[in-house]
Amino acid sequence: MKKLLAYPLSIIHYLLFGFFICVFHPIQWFCLNVFGYSAHKKSVDLLNYFLLWTLYALGTRITFTKNVEIPEGVPLIIVSNHQSANEISPISWYFRKYHTKFVSKKELGAKIPSVSFNLRNGGSVLIDREDPKQALTSLAKFGKKIEKNNWAGVIFPEGTRSKDGKPKKFSVNGLKIISKYAPSAYVVPLSINNSWKLVENGAFPLGIGVHLKLDVHEPIAVNSMEFNDLFQKVEETIKNSVTL
C-alpha cells in the first residue's frame with residue numbers, strides 16, 4: 001500500500017518542484033540584475049522554502065537539531081555527509097542567515113532552471129572532478145570569497161552521495177584548500193540521516209514518510225589545531241552520528 005501511494009505523491013512532488021524552479025528562474029534573474037545580491041539572495045531563500053515544502057508532499061518529516069552556538073560575523077565551512085540531492089533545500093533554508101554557498105560539480109551549472117542560475121551567479125563554486133588543477137584553483141578562490149564576505153561554504157567530502165546511508169571515506173583536499181584560504185573560518189560538522197531513503201528506489205517513485213534528520217555539531221575554529229587533527233575530528237564527529 002505504501003509503495004502504491006508513493007507513485008501519486010512522487011508525481012505531485014515533481015510537479016511542485018518543477019513549477020517552483022521554473023517560476024523562480026526569471027525572478028532570480030530580475031532580482032540579481034535589477035537590485036543586486038541582497039535581493040537575489042532573498043529570492044533564493046524563498047525558493048528553498050517552497051522546495052522544502054515539496055518534500056512534505058511525500059509525507060517527509062524534517063528535524064533540524066542545533067544545540068550549539070554557531071559564530072556569527074565569521075566565515076563558516078559546513079561539512080556534511082551526503083545521501084541525496086534532497087538535502088540541499090533543507091541546508092539552504094535552515095542555514096540561510098549564514099549565506100550558504102555550495103561546492104558543486106560543474107554539470108549542475110547548466111540546464112536546471114533556478115538551480116543552475118543560482119550556482120553560477122549566487123557565489124557557489126562549480127568544479128570539474130576530472131580536472132584536479134581546475135578544481136583546486138576554483139576551491140582556492142571559493143575559500144577567499146567566503147573569507148572576504150563571511151559566507152558559509154558547504155562541502156560534501158565524500159564527493160558522491162551514499163546510496164545506502166553508510167558514509168564513504170572523506171576526501172581531504174577540498175576542505176584543506178578551503179581552510180587554507182579561509183583561515184578565520186569555523187568548521188561546522190553536519191550529520192544527515194535518512195535522506196538516502198527518499199531515493200532508495202531511484203528517482204521514481206520516491207520514498208514516502210521518511211524522517212529526514214539534520215544534526216549540527218560543535219563548530220571548530222580552523223586555526224585552533226593542526227589541519228590533520230581538525231579533519232579527523234570532523235570526519236569522526238559526522239560519521240559517529242550517522243545511523244543505519
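**Close-up 1. P219 in the loop between β7 and β8.** P219 sits in the loop that runs from β7 to β8 (220-221). The model shown here, as in every view below, is predicted. P219 has a relative accessible area of 12%, so this proline counts as buried. Leaving aside residues up to four places away in sequence, P219 touches V68, E69, I70 and P71. P219 also touches Y186, V187, V188 and P189. V234 is 15 residues from P219 in sequence. In space, the two C-alpha atoms are 9.3 Å apart.

**Close-up 2. The largest nonpolar core.** This core has 30 residues. I91, F95 and L190 touch the most other members. Several elements each supply at least two residues of this core. The helices are α1, α2 (37-56) and α3 (88-94). The strands are β2 (76-80), β5 (152-155), β6 (186-193) and β7 (211-216). Follow I91 for the contacts. Not counting residues up to four places away in sequence, I91 touches T100, F102, V154 and F156. L190, I192 and L214 complete the list for I91. In soluble globular proteins, nonpolar side chains tend to be buried together.

**Close-up 3. A second, separate core.** Apart from the largest core, another core holds 26 residues. Among them are I127, F227, L230 and V234. V234 appears in the P219 view too, with 9.3 Å between the C-alpha atoms of V234 and P219.

**Close-up 4. Helix α2, with D45, K41 and N48.** D45 and K41 form a salt bridge, with 2.5 Å between the closest N and O atoms. Both residues lie in helix α2, four residues apart, about one turn of the helix. Both are buried. N48 belongs to helix α2 as well. N48 is buried because its relative accessible area is 8%, under the 20% cut-off. Beyond residues up to four places away in sequence, N48 touches S89, S92 and W93.

**Close-up 5. The K106 and D128 salt bridge.** Side chains of opposite charge can pair when their charged atoms come close. Here K106 and D128 meet in a salt bridge, at 3.3 Å from N to O. The pair links distant parts of the chain, 22 residues apart. K106 is in the loop between β3 (100-105) and α4 (115-121). D128 is in the loop between β4 (125-127) and α5 (132-149). Burial is not shared by the two partners: K106 is partly exposed at 43% relative accessible area, whereas D128 is buried at 16%.

**Close-up 6. The K239 and E235 salt bridge in helix α7.** K239 and E235 form a salt bridge, with the closest N and O atoms 2.7 Å apart. The two are four residues apart in helix α7 (residues 227-239), so about one helical turn separates them. K239 has 26% relative accessibility and therefore counts as partly exposed. E235 has a relative accessible area of 15%, so E235 is buried. The model has four salt bridges in total.

**Close-up 7. A nonpolar surface patch around L15.** Y7, I11, Y14, L15 and F204 make a nonpolar surface patch of about 480 Å². L15 lies in helix α1 (residues 2-35). At 59% relative accessibility, L15 counts as exposed, because exposed means over 50%. Helix α1 is also among the elements that supply at least two residues of the largest core.

How values were computed: Residues are numbered from 1 along each chain as its sequence is written. This is a predicted model: local features need pLDDT of at least 70, side-chain atom pairs count only at pLDDT 80 or more; totals for chains, interfaces and linings use all residues. Side-chain values use heavy atoms; hydrogens and water are left out. Patches are made of residues with over 30% relative accessible area and no salt bridge: like charges are joined within 9 Å, nonpolar side chains (Val, Leu, Ile, Met, Phe, Trp, Tyr) within 5 Å. Accessible areas come from the Shrake-Rupley method with a 1.4 Å probe; for residues, only the protein chains shown count as cover. A salt bridge is a side-chain nitrogen of Lys or Arg within 4 Å of a carboxyl oxygen of Asp or Glu. Buried means under 20% relative accessible area, exposed over 50%, partly exposed in between (1.4 Å probe, protein chains only). A nonpolar core is a set of buried Ala, Val, Leu, Ile, Met, Phe, Trp, Tyr and Cys residues joined through side-chain atoms within 4.5 Å. Contact means heavy atoms within 4.5 Å.
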